Amino acid sequence: MYIQTPHPLIDHLLDKYQLRSDAELSRFLETNPPVISKIRNRKMPITPLSILMFYDKTDLSIEEIRALIPTEE
């Protein structure tokens, strides 16, 4: 069984939009699956451009998005 690395923002979006996988989330956000994987595994930081992408594709405010980003990023 594959266990995903927890990531508050990615996990919140999966729950909120009832998506079953990171691949579904990438299609929902209209981005490449490796982008979501790299964010989840903290190999790529969430940049201001990423925040705008999440804001544009969801109904979350920028403040809500920023609150879900782990502090070590």
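Contact is taken here to mean heavy atoms within 4.5 Å. The model described is a predicted one.

The chain contains five helices and zero strands, and from the N terminus on its elements run α-α-α-α-α. The radius of gyration is 11 Å, close to the 11 Å that the globule rule gives for 73 residues, so the chain is as compact as a globular protein of that length. Along its principal axes, the C-alpha trace spans about 35 × 25 × 20 Å. Of the 73 residues, 34% are buried. Where contacts join residues at least 6 apart in sequence, 59% of them link residues at least 24 apart. The exposed area of the chain is about 4900 Å², and carbon and sulfur atoms supply 55% of that area. Side chains with a positive charge number 9 and those with a negative charge 11, with the centres of the two sets 6 Å apart.

Helix H2 covers residues 22–29. Its buried residues are Asp-22, Glu-24, Leu-25, Ser-26 and Leu-29. The cover over these buried residues includes H1, H3 and H4. In sequence, helix H1 spans 8–16, helix H3 spans 33–40 and helix H4 spans 48–57. Two of the buried residues of H2 recur in the contacts described below: Leu-25 is touched by Leu-13, and Ser-26 is touched by Thr-31.

Leu-13 belongs to helix H1. With a relative accessible area of 0%, Leu-13 is buried, since the cut-off for that class is under 20%. Beyond residues up to four places away in sequence, Leu-13 touches Leu-19, Leu-25, Phe-54, Thr-58 and Leu-60. Leu-13 and Lys-43 are 30 residues apart in sequence, and their C-alpha atoms are 19 Å apart in space.

His-12 is also placed in helix H1. In contrast to the buried Leu-13, His-12 is partly exposed, with a relative accessible area of 31%. When neighbours within four places in sequence are left aside, His-12 is in contact with Leu-60 and Leu-68. Leu-60 is thus listed for His-12 and is likewise touched by Leu-13. From His-12 to Asp-59 the separation is 47 residues in sequence and 12 Å in space, C-alpha to C-alpha.

One aromatic pair is present in the structure. The ring centres of Tyr-17 and Phe-28 lie 4.7 Å apart and the ring planes meet at 35°, so the pair is tilted. Tyr-17 lies in the loop between helix H1 and H2, whereas Phe-28 lies in helix H2, so the pair ties together parts that are 11 residues apart in sequence. Tyr-17 is partly exposed, at a relative accessible area of 23%. Phe-28 also counts as partly exposed, at 30% relative accessibility.

The loop between H2 and H3 holds both Glu-30 and Thr-31. Glu-30 comes just after H2 and takes a positive phi of about 60°, although Glu-30 is not a glycine. With a relative accessible area of 62%, Glu-30 is exposed. Thr-31, by contrast, counts as buried at 18% relative accessibility, because residues under 20% are assigned to that class. Not counting residues up to four places away in sequence, Thr-31 touches Ser-26, Ile-36 and Met-53.

A positive phi is also found at Arg-42, where the angle is about 55° although the residue is not a glycine. Arg-42 lies in the loop between H3 and helix H4. Arg-42 is partly exposed, with a relative accessible area of 32%, whereas Glu-30 is exposed.

Definitions and conventions
Residues are numbered from 1 along each chain as its sequence is written. This is a predicted model: local features need pLDDT of at least 70, side-chain atom pairs count only at pLDDT 80 or more; totals for chains, interfaces and linings use all residues. Side-chain values use heavy atoms; hydrogens and water are left out. Helices (H or I, at least four residues) and strands (E, at least two) are DSSP runs, numbered from the N terminus. The radius of gyration is taken over C-alpha atoms; the globule rule is 2.2 Å times the number of residues to the power 0.38. Buried means under 20% relative accessible area, exposed over 50%, partly exposed in between (1.4 Å probe, protein chains only). Accessible areas come from the Shrake-Rupley method with a 1.4 Å probe; for residues, only the protein chains shown count as cover. Lys and Arg count as positive and Asp and Glu as negative; His and the chain ends are not counted. The place of a charge is taken as NZ of Lys, CZ of Arg, CG of Asp or CD of Glu. Rings of Phe, Tyr and Trp (its six-membered ring) pair if their centres lie within 6.5 Å; planes under 30 degrees apart count as stacked, over 60 as edge-to-face and the rest as tilted.
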